[in-house]
Amino acid sequence: MGFKCGIVGLPNAGKSTIFNALTAAKAEVASYPFSTIQPHQGIAPVPDLRLKEIARLIQPKKTIPATLEIWDIAGLVKGASQGEGLGNQFLSHIRNVDALLHVVRCFEDENVSHPGETIDPRRDIDMVNTELLLADLEIVSRRITKIEKLARVGEKGYREELEILKEIEAGLNNGIPVRGMPTLAGLTKGLKDPQLLTSKPVLYVANISENKSKEEETYRAKVIQVAAEEKSPVVAICGKLEAELEDLGEEEKKEFLKEYGLPQSGLEMLVAEGYHLLNLIVFYTVVSKELRAWTVVQGTKAPEAAGKIHSDMEKGFIKAEVINYKNFIVAGSLPAAREKGMVALEGRDYEVCDGDIITFKFNF
Ligand SMILES: Nc1nc2c(ncn2[C@@H]2O[C@H](COP(=O)(O)OP(=O)(O)OP(=O)(O)O)[C@@H](O)[C@H]2O)c(=O)[nH]1
Ligand SMILES: [Mg+2]
């Protein structure tokens, strides 16, 4: 599994539309708010041009892309944390995701209602972020009440946790998300329970329409501005168009993108940004005619990468035969690369690089 992400946003922002485009799983899309009631979980293949290129050269029997897990939940509205709308009860489904996709409506469409009547990206973003803050605050306060007594009777672990929680509580009360509390970096990992939503990195998605009206351009610019202020990445995609793209074949898709002057689809951009945000890289394996892409965090050592495939491979790791994608393309095949001495033998300390094609040698 590459990474897990949860989609948040106001009702009718286009969350399910984007979810469908990403996963090709058909969640209900409708012009009325709260069309999503049950949370949907989907698996999206990671769009990967290198994987296609390697497949073209080696003609494997099977090609398996890396995947990411996505959760589409109900729209959040003001007061969700106090039980308004449907949002809050579903937040539990995204507590253990790695990142949040915050979909912001930038498309105008009089047939699609907006919970705030008008489109105002800064206000809309604030509304959602406030609900996430309040949801975290509730969890933190509950945990504080629970461990206060234990801390008083002297357990050191609890005392430390209590201190951190108090600091978080104060920050949240001042409207600061946990990811914006630099002194806490790393410390929250040591907390027992809370998978705090505002500690997760956020990727803003400006959901634009294909019309590109002047107003819509200002909306998009606003999202970019807000994202920049909090140093979060942002992509602008046209959810509706992307969903239609998914129904086309490979060639048609390419033609279509060319017509719009786009180098890649919005989804490709979105996934690439997600990888960047989470420091993820991709490596490839070719085993018995099966080509497969895997996701690991940058800095992963070879044995740990082997462990992604099978825990026995990590335990019995001997060495890794490695060639990077760029060299592989020059060589044209693994045997040719070996012959030319382009395949390196690496040991336990080797740090996997993005685009490595690796053959693991191991003892069972
Ligand atoms: N014109 C236009 N309409 C869009 C776009 N993206 C989504 N919509 C429409 O907006 C409406 C709401 O989209 P959904 O994807 O259901 O929104 P949602 O955020 O999942 O909404 P809830 O589940 O109710 O919170 C649907 O009618 C979509 O067809 C877009 O880029 N342009
Ligand atoms: Mg929905």
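Tutor: Let's start with a term: a cavity is a set of grid points where a 1.4 Å probe fits but cannot get out, and its volume is the space filled by probe spheres set on those points. With that in hand, we can look at this predicted model.

Student: How many cavities of 30 Å³ or more does the structure hold, and how much space lies in the largest cavity?

Tutor: There are 2 of them, and the largest cavity encloses about 70 Å³.

Student: Which residues lie nearest the centre of the largest cavity?

Tutor: Leu10, Ala13, Val103, Arg105 and Asp124 do, out of a lining of 13 residues. Strand E5 (99-105) and helix H4 (121-152) each supply at least two lining residues, and E5 gives the most, with 4.

Student: What makes a residue in that lining count as nonpolar, polar or charged?

Tutor: The residue type decides: Leu, Ala and Val count as nonpolar, while Arg and Asp count as charged. By that scheme, the lining of the largest cavity divides into 8 nonpolar, 3 polar and 2 charged residues.

Student: Which residues line the second largest cavity?

Tutor: Glu321, Val322, Ile323, Leu334, Arg338, Val343, Ile357 and Thr359 do. Strand E10 (317-324), helix H13 (334-339) and strand E12 (356-362) are the elements that give two or more residues to this lining. E10 gives the most, with 3 residues. The space inside is about 30 Å³, and the lining divides into 5 nonpolar, 1 polar and 2 charged residues.

Student: Turning to charges, why is the contact of Glu138 and Arg142 called a salt bridge?

Tutor: The term needs a side-chain nitrogen of Lys or Arg within 4 Å of a carboxyl oxygen of Asp or Glu. For Glu138 and Arg142 the N to O distance is 3.0 Å, so the pair meets the cut-off. A search of the whole structure finds 12 salt bridges.

Student: Why can such side chains pair at all?

Tutor: Opposite charges can pair when the charged atoms come close. Here, Glu138 and Arg142 are 4 residues apart in helix H4, which means they are separated by about one helical turn.

Student: What makes Arg142 exposed, and what makes Glu138 partly exposed?

Tutor: Exposed means over 50% relative accessible area, and partly exposed lies between 20% and that value. Arg142 has 54%, so it is exposed. Glu138 has 36%, so it is partly exposed.

Student: What is the N to O distance between Lys166 and Glu148, and where do these two residues sit?

Tutor: The distance is 3.2 Å, and the side chains meet in a salt bridge. This pair links distant parts of the chain: Lys166 belongs to helix H5 (residues 156-173) and Glu148 to helix H4, 18 residues apart. Lys166, at 39% relative accessibility, is partly exposed, and Glu148, at 27%, is partly exposed as well.

Student: How do you know that Asp312 and Lys315 meet in a salt bridge?

Tutor: Their N to O distance is 3.5 Å, and the cut-off is 4 Å, so the pair qualifies. Asp312 and Lys315 are 3 residues apart in helix H11 (residues 311-315), which puts about one helical turn between them.

Student: Are Asp312 and Lys315 buried or exposed, or what lies in between?

Tutor: Asp312 has 27% relative accessibility and is therefore partly exposed. Lys315 has 66%, over the 50% cut-off, so Lys315 is exposed.

Methods
Residues numbered from 1 in each chain as written. Chains lettered and ligands numbered in written order. Predicted model: local features only at pLDDT ≥ 70, side-chain atom pairs only at ≥ 80, totals over all residues. Heavy atoms only, no water. 1 Å grid on protein atoms, 1.4 Å probe; cavity = no way out; pocket = protein on both sides within 12 Å on 5 of 7 lines; lining within 4 Å. Buried < 20%, exposed > 50% of the residue type's maximum accessible area, 1.4 Å probe, protein only.
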